[in-house]
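Please take a moment to look over the sequence and the model shown here, and then follow the paragraphs below from one part to the next.

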Amino acid sequence: MNDNPSMHERRTGARYHFDRHTPQYREQFATITREMHEKCPVAWSDTYGGHWVAASSEAVFELARCPHVSNDHDIHGERRGYKGITIPTAQRARYRGGMLEMDDPEHRLYRDVLNPYLSPAAVKRWEPFIADITRASLNENIETGSIDFVDDLANIVPAVLTLAMLGIPLKRWSLYSEPTHASAYTPEDSPDAARVAEMHQQMGADLFASMQEIRANPRPGLINALIGMRIDGEPAPEHELLGQLGLVLGGGFDTTTALTAHALEWLSQNPDARQRLSAERDTLLAPATEEFLRFYTPAPGDGRTISADTTLAGTDFREGERLWISWAMANRDPAVFEDPDTVVLDRKGNRHFSFGLGVHRCIGSNVARTVFKAMITAVLDRMPDYVCDPAGTVHYDTIGVIQGMRHLPATFTSGPRIGPGLDETLERLQRICDEQGLARPITERRESADITY
Ligand code: HEM
């Protein structure tokens, strides 16, 4: 692309050095966000090959829904060479990231397959199952008076549920959870990157083997549904199926973990609010969930490519230019949120964009909310006086990909176990999944999971 004068003019109007992959961006997030809202709600940054950054709620709203903005990741140079949703382009990517890196109408074909598994009614059926994994996870620590909320709770429940929905044996949860979690906080130039890549390969091999197993002996779940989908009468390409499964795993695990850890940390720092949340959960838990989503925005943003010259939000965009859409910064826009840098548990009319918007809006939002609420209420009930240990708390160094945590240790007054521990529960729940066909779509099974035997 030539840097012709008009391009230069367009970009110098609103230039901002934006580098979300640095620890400084995490530390100064509120200040940078305020500055961009005031001076340049849409700015050009020269970082990572140059890209636009949308920071205001209005600009994000317009751009995320604009038909001239593309998600396509053309890995093999077969179309227009667009680079998908990652800025800078992911070196590790061998497949495009499922439907999130497709445009309509192709995207819609894949999304329609997942809908009957992830709709509100479909997710509701899993509530007893989710409560039971949560109970069993807390059992492992309840007698000791100490827990790491990331390792011992928030990493486990989303992973086990996602595997159940996919149709993969529940006991393999850590084979999937560890690489997904680690790759969110391990940059590609880290000394640990090779180990993470190795774990990723093992996960990929297991996923591939699971697909072959399910092809040979079908069992219900998202894998079975994707294998069965047809495009113009033909099965979907194998690499697109693997990309789509990788997207469900990546979308389903670390985001919910990150949200839960941050909420638990905040509630430890604000014990009065925690007591109120516990006492008034029937009315307060729903708005508090939205407020934690807004304030912590676990998936802070996504990349796009401009697919046709267009003027939006007062800016002229040209075909081929890259764009970063910041859900996290839009969520702090004072034009939409009063007192945006404060957590207000009962905030009204909370128009946050933490699940994105437009055709790619998070299809797992019902899962995320249900799992989050189950974990928070179980902790409020069984560890009501927990105190997190700031010295042992480890946030991700950067919030470029996920605003997450590696560790959140806490102590509390110990209590009794309720029922069996995690391993025994996973075995029982596996049997129940298989016997009741829990992973079938809502069109085939409407009843809630019966976990009473
Ligand atoms: C707190 C938890 C979660 C957050 C904050 C979150 C956030 C998001 C965001 C912002 C998007 C839109 C991305 C874009 O437009 O570029 C998205 C899409 C997506 N999410 Fe989530 N997500 C969460 C949980 C989940 C869960 C639990 C699942 C799976 C069960 C999931 C699966 C997906 C998928 C498959 C997409 C792509 C949708 C499409 O392209 O049509 N997410 N998510």
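What follows goes from a sheet to a nonpolar core and then to the surroundings of a ligand.

The model is predicted, and a convenient place to begin is an open sheet in which five strands are arranged in the order E1-E2-E10-E7-E3, with mixed pairing. Strand E1 (42-45) and strand E3 (69-70) each have a single partner strand and stand at the edges, so one side of each is left without a neighbour in the sheet. The pairing of E3 with strand E7 (residues 301-306) is antiparallel and rests on two bridges, and within E7 it is Thr305 that stands opposite Ser70. Across E1, strand E2 (51-54), E3 and strand E10 (322-326) lies helix H4 (residues 57-64), which runs at about 125° to E10.

The largest nonpolar core has 112 residues, and the members that touch the most others are Ala54, Val60, Val157 and Val160. Helix H9 (residues 156-166) gives the most to this core, contributing nine residues. Leaving aside residues up to four places away in sequence, Ala54 touches Val42, Ala59, Val60, Leu63, Leu323, Trp324, Ile325 and Ser326. In soluble globular proteins, nonpolar side chains tend to be buried together.

Which residues are the closest to the ligand? They are Gly251, Asp302, Gly356, Cys362 and Gly364, within a surrounding set of 25 residues. Two or more residues of this shell come from each of helix H13 (238-252), helix H14 (254-269) and helix H18 (365-382), and H13 gives the most, with four residues. By character, the shell around the ligand divides into 14 nonpolar, nine polar and two charged residues.

Methods:
Residues are numbered from 1 along each chain as its sequence is written. This is a predicted model: local features need pLDDT of at least 70, side-chain atom pairs count only at pLDDT 80 or more; totals for chains, interfaces and linings use all residues. A nonpolar core is a set of buried Ala, Val, Leu, Ile, Met, Phe, Trp, Tyr and Cys residues joined through C-beta atoms within 7 Å. A residue is buried if 20 or more other C-beta atoms lie within 10 Å of its own, exposed if 12 or fewer, and partly exposed in between; C-beta atoms are placed from the backbone. Two residues are in contact if their C-beta atoms, placed from the backbone, lie within 7 Å. Two strands pair if DSSP finds at least two bridges between them. Axes are lines fitted to C-alpha atoms, for helices over the stretch in contact, and angles run from 0 to 180 degrees between N-to-C directions. A residue is near a molecule or strand if its C-beta atom, placed from the backbone, lies within 6 Å of it. Ala, Val, Leu, Ile, Met, Phe, Trp, Tyr, Cys and Pro count as nonpolar, Asp, Glu, Lys and Arg as charged, and the others, Gly among them, as polar.
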